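Let's take a walk through this protein together, starting from one pair of charged side chains and working outwards. Keep the viewer open as you read.

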Amino acid sequence: MSDILINHVYKRFAVPGNEVVALKDINLDIAAGEFVCLLGPSGCGKSTLLNAIAGFSHPSEGSITVGGRPVVNPGPDRGMVFQEYALFPWMTVAKNVRFGLEVKGMAKDAADARVRELLDMLGLSEFGERFPKDLSGGMRQRVAIARVLALDSPVLLMDEPFGALDALTRRSLQDELLKIWARLGKTIVFVTHSIEEAIYLADRIVVLTYRPGTVKRDIRVEMPRPRD
Ligand code: ADP
Ligand code: ADP
């Protein structure tokens, strides 16, 4: 079953006296439960594509559907995690995670239990009453993941979420994310410019190579097969 369908998508940005073609005829079909990495050099259009799936911006041409519905706006079926944590600085960790539950109108006791469960899952049980500014980058990113999981979105969109972390912290967050993915069966679209990260995480690596003003190249990625 196809969860995300991207059909002939182009994105052009108007810039003074010119036009930037950030996406050029992107076609992609992502199955429910797949972990897909969008890989490519800076400027190749990864964020533009992710933002279009999220509904933050619209393709200039072409169409995107998620779960069979055309994407028109951001929606609770697509949770987004950014590189810079995007937490509410005036709320404690627990309140940050709780926010989405309150938006959904969950009853207080159920929300309390769910917040505890999510903090526990991300190794944050001790940190519920702290404020984001008092946490390390890795811990803040755990909070960002817990907060997006609170929304129960079937699709997680992640834009270089671990890009600002040191190597050790990054690896432990990658492992955490793989566990969550295996346990909760999410569809994940994960943007990275790190080949190493893509190979560690993904079921499937989608390589974007088009950079505005350059020729669109086809790169062949192969798995070695045994010979007869
Ligand atoms: P990546 O995420 O792969 O680094 P982006 O999707 O951010 O690439 O950008 C792709 C191209 O589109 C780049 O050339 C970038 O400068 C351009 N671009 C992205 N957003 C805008 C915008 N809002 N206005 C103009 N150009 C943009
Ligand atoms: P529309 O939804 O009408 O197509 P746009 O796609 O142009 O609107 O996006 C809305 C706003 O978000 C614009 O100001 C645009 O410059 C900005 N934007 C869209 N994509 C990106 C991006 N990848 N990086 C930075 N800004 C972006």
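A good place to begin is the salt bridge between Arg78 and Asp77, whose closest N and O atoms lie 3.1 Å apart. Both partners, Arg78 and Asp77, are buried. Please bear in mind throughout that you are looking at a predicted model.

From here you can step into the sheet. Strand β6 covers residues 78–81 and stands at an edge. The sheet is an open one of five strands, ordered β6-β7-β8-β3-β9, and its pairing is parallel. At the other edge you will find β9 (204–207); β6 and β9 each have a single partner strand, so one side of each is left without a neighbour in the sheet. On average, neighbouring strands in this sheet are turned by 20 degrees against each other, direction ignored.

How many bridges join β6 to β7? There are four, and the two strands run parallel, with β7 made up of residues 155–159. To pick out one contact point in the viewer, select Gly79: its bridge partner in β7 is Leu156.

Now add a helix to the picture. Helix α1, residues 46–54, lies across β3 (35–39), β6, β7 and β8 (187–192). Relative to β7, helix α1 runs at about 150 degrees.

Back to the charges. The structure holds 15 salt bridges in total, and two more of them are worth a visit. In one, Glu61 pairs with Arg12, with 2.8 Å between the closest N and O atoms. This pair ties together distant parts of the chain: Glu61 sits in strand β4 (residues 61–66) and Arg12 in strand β1 (residues 2–15), 49 residues apart. Are these two side chains buried or exposed? They fall in between. Buried means under 20% relative accessible area and exposed means over 50%, so Glu61 is partly exposed at 38%, and Arg12 is likewise partly exposed at 28%.

The other salt bridge joins the side chains of Asp112 and Arg98, at 2.4 Å from N to O. It also links distant parts of the chain, since Asp112 belongs to helix α3 (residues 108–121) and Arg98 to helix α2 (residues 93–103), 14 residues apart. Here the 20% cut-off separates the partners: Asp112 has 22% relative accessibility and counts as partly exposed, whereas Arg98 has 14% and counts as buried. This pair does not stand alone, for Arg98, Glu102, Lys108 and Asp112 are linked in a network of salt bridges.

Finally, zoom out to the whole protein chain. Its secondary structure comes to six helices and nine strands. The C-alpha trace spans about 55 × 50 × 35 Å along its principal axes. What radius of gyration does the chain have, and what would a compact globule have? The chain has 19 Å, while a compact globule with 228 residues would have a value near 17 Å, and the two agree.

A few totals round off the view. Of the 228 residues, 46% are buried. Among contacts in the protein chain with a separation of 6 or more, 70% come from residues 24 or more positions apart. On the outside, the chain exposes about 12,200 Å², and carbon and sulfur atoms supply 55% of that area.

How values were computed: Residues numbered from 1 in each chain as written. Chains lettered and ligands numbered in written order. Predicted model: local features only at pLDDT ≥ 70, side-chain atom pairs only at ≥ 80, totals over all residues. Heavy atoms only, no water. Pairing = 2+ DSSP bridges. Axes fitted to C-alpha atoms, helices over the stretch in contact; angles between N-to-C directions. Contact = heavy atoms within 4.5 Å. Rg over C-alpha atoms; globule rule 2.2 N^0.38 Å. Buried < 20%, exposed > 50% of the residue type's maximum accessible area, 1.4 Å probe, protein only. Areas by Shrake-Rupley, 256 points an atom, 1.4 Å probe, with all protein chains shown as cover. Salt bridge = Lys/Arg side-chain N within 4 Å of Asp/Glu carboxyl O.
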